[in-house]
Amino acid sequence: MRVTIHRRTRRGVALVALMASGALALSACSGDSGAMPGDDGGGDGDVEIRYAWWGSDDRHQTTQEIIDLFEEKNPGITVTPDFTDWDGYWDKLATATAAGDTPDVITQEERYLSEYASQDIIADLGELGVDTSEIPAETLATGTIDDTLYGVATGVNAYAMVADPQIFADAGVEMPDDTTWTWEDYVDVAGKLSKGAGDGVWGTQDYGFNEAGLAVLARQKGETLYTPDGELGLSKETVAEFFQVSLDLMANEGQPDASRSVEYQNAGPEGSLLGTNAGAMGVWWSNQLGALSDASGRELELLRLPGESQFERTGMYFKPAMYYSISATTEHPEESAKFVDFLLNDPEVAALQLTDRGLPSNTTVREAILPELTAADQKVAEFMEGLESDVVDNPPVPPQGSSEMQDIMIRINTEVLFGNLTPDEAADAFLKDVGAAIGG
């Protein structure tokens with residue numbers, strides 16, 4: 001049985017209603033904001049545009065170098081930095097937008113793009129002359145809604161299995177053939193790793209807290225997490241099967257118990273099973289390989305998720321790391337477009353940024369920076385190149401309200417791990433709650 005839930009009139013999650021109250025319920029908290037201490041945003045240009053992004057201190061510093069380079073090459077345009085961390089970004093952006101003070105150039109994320117596009121807050125980049133000729137059509141499609149280009153991907157990642165070959169060797173277990181292994185193989189291999197590696201080392205880390213794994217499984221079975229029309233397009237059986245894998249892994253001790261799984265989920269790459277040499281596998285975004293490798297002190301490998309040859313088709317896909325968007329109300333559309341064009345296409349920007357915003361979507365500059373990448377990032381580039389012939393397509397932009405998905409997944413998966421919901425009950429709750437979030 002396939003369950004299809006249709007979008008209807010937006011209710012509490014509608015951006016326009018939330019903006020009227022000056023807050024946007026997009027899973028955000030508070031955070032630091034504004035320019036770097038002592039930085040007034042640049043020189044004495046005739047035109048000033050504001051650029052908003054989130055990230056770490058390293059990203060902030062690199063982005064300021066990029067801004068300086070742009071201003072040097074484009075006298076007369078000043079770019080004012082407007083940044084915070086991820087947790088504070090969406091509240092800050094919503095507050096600014098509600099006050100009529102939307103940044104000119106906005107960093108977007110796929111779960112939020114529809115929220116802003118649906119309220120005409122971001123512009124059609126196709127009408128602003130941004131050069132996208134070196135970006136593959138399928139990558140551009142990930143920022144396109146109703147034939148309108150609302151965001152251009154800064155770079156791409158893939159949701160992949162990260163493996164520690166040393167633990168496989170210590171446990172006497174062969175690394176799987178990631179082109180043929182099944183989900184049943186994954187459970188079996190994880191159990192053997194836990195038994196063979198000794199006390200305190202697990203086969204894998206729980207994967208059920210992130211909807212990307214469910215999206216891959218659905219695609220493998222000829223379904224889709226979201227349809228192009230903004231509906232849920234996967235069956236209850238597929239959702240239940242997804243949650244059942246975690247229970248099977250706990251049953252054969254391939255992954256930790258519920259309490260420890262929740263702890264590892266909250267620990268980030270550095271505190272993960274892989275990062276602490278306490279687990280042989282875990283599902284992560286490909287751009288996190290460097291952080292995991294650094295934390296573990298080992299050479300980790302990327303594998304395709306199980307099931308790529310098991311069902312109707314492959315399910316792996318390329319996810320935009322983030323997008324560049326432009327305000328629909330900017331007073332300086334030409335200069336804003338020029339800046340986005342620069343961010344996407346200038347080889348000096350790529351050399352500064354490397355893979356911090358994903359493997360560059362511009363394939364020419366991507367090729368140019370390969371020799372400059374770390375060993376881990378070179379592995380990512382090779383892995384992504386190897387996937388190109390197997391990726392059938394990329395998912396459509398998630399619908400309005402999908403920003404609630406992660407909280408829903410964390411809550412329901414936790415209930416499953418602790419035995420409070422069966423996989424069937426979890427599937428019912430998932431379809432109901434996500435359907436309500438996207439307007440079903």
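A residue counts as buried when its relative accessible area is under 20%, as exposed when it is over 50%, and as partly exposed in between. Keep that rule at hand for the exercises below, which all work on a predicted model.

**Exercise 1. Is D147 buried or exposed, and where does D147 sit?**

Step 1. Find the place: D147 lies in the loop between β4 (144-145) and β5 (148-149).

Step 2. Apply the cut-off. D147 has a relative accessible area of 79%, so D147 is exposed.

Step 3. Look at the backbone. Most residues other than glycine have a negative phi. D147 is not a glycine, yet has a positive phi of about 65°.

**Exercise 2. Work through L354 in the same manner.**

Step 1. L354 is found in the loop between α14 (347-353) and β16.

Step 2. With a relative accessible area of 25%, L354 is partly exposed.

Step 3. The phi of L354 is near 50°, a positive value in a residue other than glycine.

**Exercise 3. Describe the surroundings of S272.**

Step 1. The loop between α11 (268-271) and β12 (279-285) holds S272.

Step 2. The relative accessibility of S272 is 0%, so S272 counts as buried.

Step 3. Now list the contacts. Leaving aside residues up to four places away in sequence, S272 touches Q205, Y264, A267, W284 and L292.

Step 4. Take one of these partners, L292. S272 and L292 are 20 residues apart in sequence, and their C-alpha atoms are 8.2 Å apart in space.

**Exercise 4. Which strands pair with β3, and in which sense?**

Step 1. Recall that strands of a sheet pair through backbone hydrogen bonds, either parallel or antiparallel.

Step 2. Strand β1 (residues 47-54) pairs with β3 in the parallel sense over 2 bridges. Here Y51 stands opposite V105 of β3.

Step 3. Strand β15 (residues 323-326) runs antiparallel to β3, and 4 bridges join the two. One position to find in the structure is I106, whose bridge partner in β15 is S325.

Step 4. Check the two faces. In a regular strand the side chains alternate between the two faces of the sheet. In β3 (residues 105-108), V105 and T107 lie on one side and I106 and Q108 on the other. These residues are all buried, and both faces of β3 are covered.

**Exercise 5. What is the strand order in the open sheet of 3 strands, and which strands stand at the edges?**

Step 1. The order is β14-β7-β16, with antiparallel pairing.

Step 2. β14 (319-320) and β16 (359-360) stand at the edges. Each has a single partner strand, so one side of each is left without a neighbour in the sheet.

Step 3. Look at one pair in detail: β7 (residues 155-157) and β16 are joined by 2 bridges. G155 stands opposite P360 in β16.

**Exercise 6. Follow the helix packing from α7 through α9 and α17 to α18.**

Step 1. Choose the two descriptors. Two packed helices are described by the angle between their axes and the distance between the axes.

Step 2. Start with α7 (residues 183-197) and α9, which pack at an angle of about 25° with their axes 9 Å apart. That makes α7 roughly parallel to α9. Y186, V187 and A190 of α7 make the contact with V245, D248 and L249 of α9. By class there are 5 nonpolar residues, no polar and 1 charged.

Step 3. Move on to α9 (residues 236-251) and α17 (residues 405-417), whose axes come within 10 Å and cross at roughly 40°. That makes α9 oblique to α17. F242, F243, S246, L247 and M250 in α9 meet M409, I412, N413, V416 and L417 in α17. This contact has 8 nonpolar, 2 polar and no charged residues.

Step 4. Finish with α17 and α18 (residues 423-437), which pack at about 165° with axes 10 Å apart. That makes α17 roughly antiparallel to α18. From α17 come M405, I408, M409, R411, I412 and V416, and they meet A426, A429, F430, D433, V434 and A437 in α18. The classes here are 10 nonpolar, no polar and 2 charged.

Step 5. Add the handedness. The crossing is right-handed for α7 with α9, for α9 with α17 and for α17 with α18.

Notes. Residues numbered from 1 in each chain as written. Predicted model: local features only at pLDDT ≥ 70, side-chain atom pairs only at ≥ 80, totals over all residues. Heavy atoms only, no water. Axes fitted to C-alpha atoms, helices over the stretch in contact; angles between N-to-C directions. Parallel < 35°, antiparallel > 145°, perpendicular 65-115°, else oblique. Left-handed = near helix turned anticlockwise from the far one by under 90°. Contact = heavy atoms within 4.5 Å. Nonpolar A, V, L, I, M, F, W, Y, C, P; charged D, E, K, R; others polar. Pairing = 2+ DSSP bridges. Buried < 20%, exposed > 50% of the residue type's maximum accessible area, 1.4 Å probe, protein only.
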